[in-house]
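User: I should like to learn how to read the pockets and the nonpolar cores of a protein model. May we work through one example together?

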Amino acid sequence: VVSSDDRSDLQGFARDLVGPEVEELGWTVGADDDEQTRALRGQLLKAMGVLGNDRDTIANAREVHLTPDESLDAEIADAALTITAANGDMDDFRRFLDLSDSAPTPQLTVKYLRAAVSVPDPAVPARVVDMVADREIRNQDSFWVLAVLLGARDTGPIAWNAVKARWDDLLAVLPPSNAYRMLDLLYLRSEPEVAADIASFLEANPIPGAEMKIAQRMEQLRVRVGLREREGTAIGEALRSA
């Protein structure tokens, strides 16, 4: 719900909040680190590199991600991948897809596919929507892939337009029982003009058998839009004075 005009203030607030802990925990697992400490390190690194947009953290994450190390702690590896994807470009997108296609386990297949979908390049949404519609992505992954696209902070509105453009094609390939789940993160589209377009389109283009589920999603969206309109300015002012 924070306006793009206040994004840098939010990033600075996040860096100030988690920076000291990130500096203390670092990128190396200590001899006495327990499971909770390792998990905390991973979450704080993600906060610093994604929400905080800290350039040093982003650079370190890319270096860690691109340096093969089978002994690397799983939480650090996951943080490095998440941060790299959140700050990636089309070269990263293509590389993640290649890693997903060649992954030795289903878990890694999904992990790298999620990373690819998370890349904030404006060309990603249309390409991924086409991949779903053309059955280049497995049916069991199709709905959550679209959900992640539609919920993306920077490219979510672009993704919505791409989904609308191939709506009938998508409904033809999505499993009927969970097609509505591509809208799971739709409430994150709190931009009033985008939300209004979503409401209008879904009213004219319903998903058969999912009327109640769609109504729930739209109620979530209305709540988030209301929060943005009511508190967005106040949150920006609070961040600037923090």
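User: How many residues of the lining of the second largest pocket are nonpolar, polar and charged?

Analyst: In this predicted model, the lining of the second largest pocket divides into eight nonpolar, two polar and five charged residues. The pocket itself holds about 270 Å³ of space. Of its 15 lining residues, Asp-69, Leu-72, Ala-77, Asp-78 and Tyr-112 are the closest to its centre.

User: Which elements give two or more residues to the lining of the second largest pocket?

Analyst: They are helix H3 (55-66), H4 and H6. The largest share, four residues, comes from H4.

User: How is such empty space found, and what is the volume of the largest pocket?

Analyst: The general idea is that rolling a probe the size of a water molecule over the atoms shows where empty space is left. Here, the largest pocket has a volume of about 1,200 Å³. It is lined by 39 residues, and those closest to its centre are Val-50, Ala-86, Gly-151, Ala-152 and Arg-153. Two or more lining residues come from each of helix H1 (7-25), helix H2 (35-51), helix H4 (74-86), helix H6 (106-118), H8 and helix H12 (211-241). Among these, H6 gives the most, with six residues. By class, the lining of the largest pocket has 18 nonpolar, 10 polar and 11 charged residues.

User: Let us turn to the cores. Which residues touch the most other members of the largest nonpolar core?

Analyst: In general, nonpolar side chains of soluble globular proteins tend to be buried together. In this model, the largest nonpolar core has 50 residues, and Phe-93, Leu-146, Leu-202 and Ile-207 touch the most other members. Helix H8 (residues 139-151) supplies the largest share of this core, seven residues. Leaving aside residues up to four places away in sequence, Leu-146 touches Val-129, Val-132, Val-163, Leu-170, Leu-174 and Met-182. Apart from this core lies another, of 13 residues, among them Val-18, Leu-25, Ala-61 and Ala-80.

User: Why does Ala-80 count as buried?

Analyst: Ala-80 counts as buried because its relative accessibility is 1%, and the cut-off for buried is under 20%. This residue lies in helix H4. Not counting residues up to four places away in sequence, Ala-80 touches Trp-27, Ala-61, Val-64 and His-65.

User: How far apart in sequence and in space are Ala-80 and Ala-199?

Analyst: Ala-80 and Ala-199 are 119 residues apart in sequence, and the C-alpha to C-alpha distance between them is 37 Å.

Definitions and conventions:
Residues are numbered from 1 along each chain as its sequence is written. This is a predicted model: local features need pLDDT of at least 70, side-chain atom pairs count only at pLDDT 80 or more; totals for chains, interfaces and linings use all residues. Side-chain values use heavy atoms; hydrogens and water are left out. A nonpolar core is a set of buried Ala, Val, Leu, Ile, Met, Phe, Trp, Tyr and Cys residues joined through side-chain atoms within 4.5 Å. Buried means under 20% relative accessible area, exposed over 50%, partly exposed in between (1.4 Å probe, protein chains only). Contact means heavy atoms within 4.5 Å. On a 1 Å grid over the protein atoms alone, a cavity is a set of points where a 1.4 Å probe fits but cannot get out, and a pocket is an open set with protein on both sides within 12 Å along at least five of seven lines; lining residues have an atom within 4 Å of a point. Grid points are joined across faces, edges and corners, and a volume is the space filled by probe spheres set on the points. Ala, Val, Leu, Ile, Met, Phe, Trp, Tyr, Cys and Pro count as nonpolar, Asp, Glu, Lys and Arg as charged, and the others, Gly among them, as polar.
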